[in-house]
Amino acid sequence: NRSSDLVYRSFSMAFLRLLVLLSTLFVASESAAKGAVVLDTLTFDKIVGTHSVVLVKFDKQYPYGDKEEQFKTFAQRAATNKELIAAEVGVSEYGEKENDALRERFSINKDDFPSYRLFLKQSSADPIVYDGDKSADDLTRFVKQQTGLWIGLPGCLEQFDVLASRFVAENGDGRSGIVAEATAAIESIENEEEKRAASIYVKLMGKIVERGDDYVESEKKRVLGLSEGKLSQEKKDMFKLRLNVLYSFQTGSVPAKEEL
């Protein structure tokens, strides 16, 4: 009868709304990046400008796909450094357009999502725009080079990254002393994989002493060129590890985009 039909329809609509709500909550929980702080118009200025370094991802409200997975990887890396916060702002295009005011505030085009801004405490009103590749490794290199903070890239060792930074700041006898220090440090490493990684640093130091500072850039170009060929994944991974270590010897800003 009509009464039963109305009850059934009401129940069906209520059940459908419940499914939509549950699916929304599921997507939200799945998309939240572990290690990242979720910001909105009320909390943004409580974090940005009060913390030393904050990398903020502006994106659609419920992002997914490879670029989101790359950000999740970066966020977990960033969590290992107390000076750095990885944060995200989800922008809604519908209804009340949640957080769209933040997007407009920093002149971000929705077509560029995900879009990254690096905020430094001393100049938070003028963030550094990141236009590079959206991979976890490129984001890591960008933050390291802009801030000097150490974040572990695959193939890199904190102790030897510090030695690399000291090396590029020195010249002549000062560099020779650091090469000797790095060579001696290898002997105290027990892990074979770490020992192999450390030896790459020492070999690169030797090449720079022999050929000059331009060697870093030329070797980067060589490695990137080799990586463009048809290679096994193992070879590609090997070149990527070498490129990561090369960046430890580079001064200045990260290039706009370099793909491996």
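Helix axes that cross at under 35 degrees count as roughly parallel. In this predicted model, the axes of α6 and helix α8 (residues 192-211) cross at roughly 10 degrees and come within 10 Å. The angle falls under that cut-off, so α6 and α8 are roughly parallel to each other. The chain has ten helices and five strands. Of its 260 residues, 39% count as buried.

**Overall fold and confidence**

- Contacts often span long stretches of sequence: among those between residues at least 6 apart, 67% join residues at least 24 apart.
- The average pLDDT of the chain is 86. A score of at least 70 is reached by 84% of the residues.
- Residues 24-30 have a pLDDT below 50. Beyond near neighbours in sequence, this stretch has four contacts in the model.
- Residues 252-260 also stay under 50 in pLDDT. For them the model has 28 contacts beyond four places in sequence.

**Helix α6 against helix α8**

- On the α6 side, the contact is made by Phe160, Asp161, Leu163, Ala164 and Phe167.
- On the α8 side, the residues are Ala198, Tyr201, Met205, Ile208 and Val209.
- By class, this contact has nine nonpolar residues, no polar ones and one charged.

**Helix α5 against helix α10**

- Helix α5 covers residues 136-147, and helix α10 covers residues 233-247.
- Their axes come within 11 Å and cross at roughly 10 degrees. That angle is under 35 degrees, so α5 is roughly parallel to α10.
- Asp137, Arg141 and Gln145 of α5 meet Lys240, Leu243, Asn244 and Tyr247 of α10.
- The residues of this contact divide into two nonpolar, two polar and three charged.

**Salt bridges**

- The structure holds 16 salt bridges.
- Arg105 pairs with Asp45, with the closest N and O atoms 2.9 Å apart. This bridge links distant parts of the chain: Arg105 lies in helix α4 (residues 100-105) and Asp45 in helix α2 (residues 44-47), 60 residues apart.
- Arg105 has a relative accessible area of 46%, so Arg105 is partly exposed. Asp45 has 43%, so Asp45 is partly exposed.
- Asp138 forms a salt bridge with Arg141, the closest N and O atoms being 3.1 Å apart. The two are separated by about one helical turn because they sit three residues apart in helix α5.
- Both Asp138 and Arg141 are buried. Arg141 is also one of the α5 residues in the contact with α10.
- Lys144 and Asp161 meet through their side chains in a salt bridge of 2.9 Å, N to O. Lys144 is in helix α5 and Asp161 in helix α6 (residues 158-169), with their positions 17 residues apart in the chain.
- Lys144 and Asp161 are both buried. Asp161 is also among the α6 residues that meet α8.
- Lys57, Asp59, Glu68 and Glu88 are joined into one network by salt bridges that share partners.

**Two positions to inspect: Ala75 and Ser176**

- Is Ala75 buried or exposed? Ala75 has a relative accessible area of 0%, so Ala75 is buried.
- Ala75 is found in helix α3 (residues 66-78).
- Leaving aside neighbours within four places in sequence, Ala75 is in contact with Ala33, Lys34, Gly35, Ala36 and Ala86.
- The C-alpha atoms of Ala75 and Leu55 are separated by 9.4 Å, and the two residues are 20 apart along the chain.
- Where is Ser176 placed? Ser176 is in helix α7 (residues 173-186).
- Ser176 has a relative accessibility of 43%, so Ser176 counts as partly exposed.
- From C-alpha to C-alpha, Ser176 and Gly206 are 8.8 Å apart in space. In sequence, Ser176 and Gly206 are 30 residues apart.

Methods
Residues are numbered from 1 along each chain as its sequence is written. This is a predicted model: local features need pLDDT of at least 70, side-chain atom pairs count only at pLDDT 80 or more; totals for chains, interfaces and linings use all residues. Side-chain values use heavy atoms; hydrogens and water are left out. Helices (H or I, at least four residues) and strands (E, at least two) are DSSP runs, numbered from the N terminus. Buried means under 20% relative accessible area, exposed over 50%, partly exposed in between (1.4 Å probe, protein chains only). Contact means heavy atoms within 4.5 Å. Axes are lines fitted to C-alpha atoms, for helices over the stretch in contact, and angles run from 0 to 180 degrees between N-to-C directions. Angles under 35 degrees count as roughly parallel, over 145 as roughly antiparallel, 65 to 115 as roughly perpendicular and the rest as oblique. Ala, Val, Leu, Ile, Met, Phe, Trp, Tyr, Cys and Pro count as nonpolar, Asp, Glu, Lys and Arg as charged, and the others, Gly among them, as polar. A salt bridge is a side-chain nitrogen of Lys or Arg within 4 Å of a carboxyl oxygen of Asp or Glu. pLDDT is the predictor's confidence in each residue, from 0 to 100.
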